[in-house]
Amino acid sequence: MFDSLDVPVFDRADIVVAGGGPAGIAASLAATRLGKSVILLEQTGSAGGMSTNALVPAIISRWDGVRTLCGNLCDSIVDECTREMGLPKSNPGWQEVDAEILRRLYDRRLVEAGVKLYYMMRAADVVLKNGRIESLLVATQHGLRKVCGDVYIDATGDAAIAAFAGVPFDCGDAEGQTMSPTLCPQFSNVDIKAYRTSRAAGHGDRFFWHALLERGEAPLPEYHFVGVCSYGNGTVSGNLGHIYGANTLDEKELTNAYIEGRKIAKIYHEFYRKHVPGFEDSDLTQTAPLLGVRESRRIRGDYQLNGTDYRNRASFADEIGRFSYPVDIHSSTIDPEAQKRVEEVIRAMRYKQGESYGIPYRTLLPQGVENLLVAGRCVSCDREIQSSIRVVPGCFITGQAAGAAAAMCSGSNVRDVDIARLRDWLRSELEVYLP
């Protein structure tokens with residue numbers, strides 16, 4: 001971090017959001033609804049994060065089986081995406097999405113809301129003084145520049161802004177091992193009807209993969225098989241394979257993960273072409289431009305949401321939303337028994353219909369900084385409940401709360417927010433479920 005730095009100011013707004021994934025999108029849209037000027041900085045060429053640039057093929061768990069939890073921002077975006085895909089309605093439990101449609105949709109929503117949107121803009125550090133961020137340092141085509149605001153929101157996924165500001169954090173398990181990432185592939189020229197017919201008869205991709213595993217003939221030592229989602233005319237994206245042992249906060253290991261991910265994608269495509277009906281003439285069109293990272297830093301905030309809270313279906317006086325996706329800690333190792341336990345834990349910890357846990361506002365408040373909020377997969381929590389809250393609707397819940405709180409905070413101190421007012425606004429304006 002820097003105490004001061006004499007570089008030109010690139011732009012300024014009331015609120016500066018770093019990271020254009022679901023959390024950053026939600027934060028920006030919520031803050032503009034409350035009349036604040038917002039800058040959104042995204043390091044890639046489009047908004048959406050995992051749901052677009054990482055080609056994660058589905059948006060899951062928007063409800064608890066009885067009621068929608070995430071509110072109308074997330075719901076309206078998914079509904080509009082599915083309409084453009086030609087589907088009659090969206091599925092709140094598991095909805096396949098078209099990444100290109102989502103990109104255009106996010107562009108439109110952000111621009112129409114009046115967000116100052118900057119793509120290909122990476123935050124490089126912060127200027128910090130007396131426990132407050134004075135500006136973000138961003139890498140531009142013309143060198144380092146400052147972006148200035150009153151309140152800042154870290155929606156980077158990796159808690160990069162918080163880390164630059166010296167906020168303490170945790171990463172991974174007790175040994176520092178994180179959930180393994182995935183580089184999602186996209187296949188084209190798939191006979192979707194043939195694939196669905198075979199799967200409906202009990203002979204889907206997962207069936208054939210596990211049959212090879214049992215015979216010792218699988219091309220990779222991978223038990224945890226997620227699969228593919230289809231959209232368009234013969235296109236699928238796959239949440240396939242894991243890159244084990246990769247520290248995505250290390251530049252060399254991150255580079256190696258992309259290289260390994262492209263090798264794995266080719267192996268999976270060969271499996272599909274050889275064994276799965278409908279894929280005989282398919283092509284491997286691309287691998288995602290962005291690695292699908294499930295876990296990195298988790299900030300230490302004013303409250304650490306945890307696995308006990310999940311088991312207790314906890315409620316909090318300052319909760320800004322509720323969520324219900326099960327604990328889903330992907331394995332860090334190629335050990336097949338560890339991989340099997342992933343699915344066993346999901347089944348064992350899945351809630352009954354209508355059950356959920358609360359997310360307190362304090363999880364968005366990083367220790368030691370007055371004018372910074374954190375949203376998305378890097379909020380203050382242990383890794384058990386992080387494996388639940390990290391998915392897209394969970395990121396919308398924390399993101400929209402961060403954006404609204406940033407717009408409401410008095411004197412730009414994020415701990416001075418009127419929680420009752422924040423909760424009332426989230427409930428009335430965004431239709432967030434808050435008992």
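The exercises below work through cysteines, a helix pair and two backbone angles in a predicted model.

Residues are numbered from 1 along each chain as its sequence is written, and side-chain values use heavy atoms, with hydrogens and water left out. Because the model is predicted, local features need pLDDT of at least 70 and side-chain atom pairs count only at pLDDT 80 or more, whereas totals for chains, interfaces and linings use all residues.

**Exercise 1.** Determine how many disulfides the model has, and examine cysteine 148 and cysteine 184.

*Solution.* Start from the criterion, a pair of cysteine sulfur atoms within 2.5 Å; by this rule the count is zero disulfides. For cysteine 148, the nearest cysteine sulfur belongs to cysteine 409 and is 17 Å away. For cysteine 184, the closest cysteine sulfur is that of cysteine 229, at 9.7 Å, which is too far for a bond. Then turn to burial, where buried means under 20% relative accessible area, exposed over 50%, and partly exposed in between (1.4 Å probe, protein chains only). Cysteine 148 counts as buried at 11% relative accessibility, and cysteine 184 is likewise buried, at 2%.

**Exercise 2.** Describe how helix α2 packs against helix α11, and characterise α11 itself.

*Solution.* Helices here are DSSP runs (H or I, at least four residues), as strands are (E, at least two), numbered from the N terminus. The axes, lines fitted to C-alpha atoms over the stretch in contact, with angles from 0 to 180 degrees between N-to-C directions, come within 9 Å for α2 (residues 72-84) and α11 (residues 392-408), and they cross at roughly 135°. That makes α2 oblique to α11, since angles under 35 degrees count as roughly parallel, over 145 as roughly antiparallel, 65 to 115 as roughly perpendicular and the rest as oblique. With contact taken as heavy atoms within 4.5 Å, Leu73, Cys74 and Ile77 of α2 meet Pro393, Phe396 and Gln400 of α11. As for α11 itself, 17 of its 17 residues are buried, so this helix is largely enclosed by the rest of the structure.

**Exercise 3.** Compare the settings of leucine 55 and asparagine 130, each a residue other than glycine with a positive phi.

*Solution.* As background, most residues other than glycine have a negative phi. Leucine 55 has a phi of about 55°, sits in the loop between β3 (38-41) and β4 (58-60), and is buried at 3% relative accessibility. Asparagine 130, with phi near 55°, lies in the loop between β7 (122-129) and β8 (132-140), but this asparagine is exposed, with a relative accessible area of 71%.

Key: Expected span 1.5 Å × (residues − 1).
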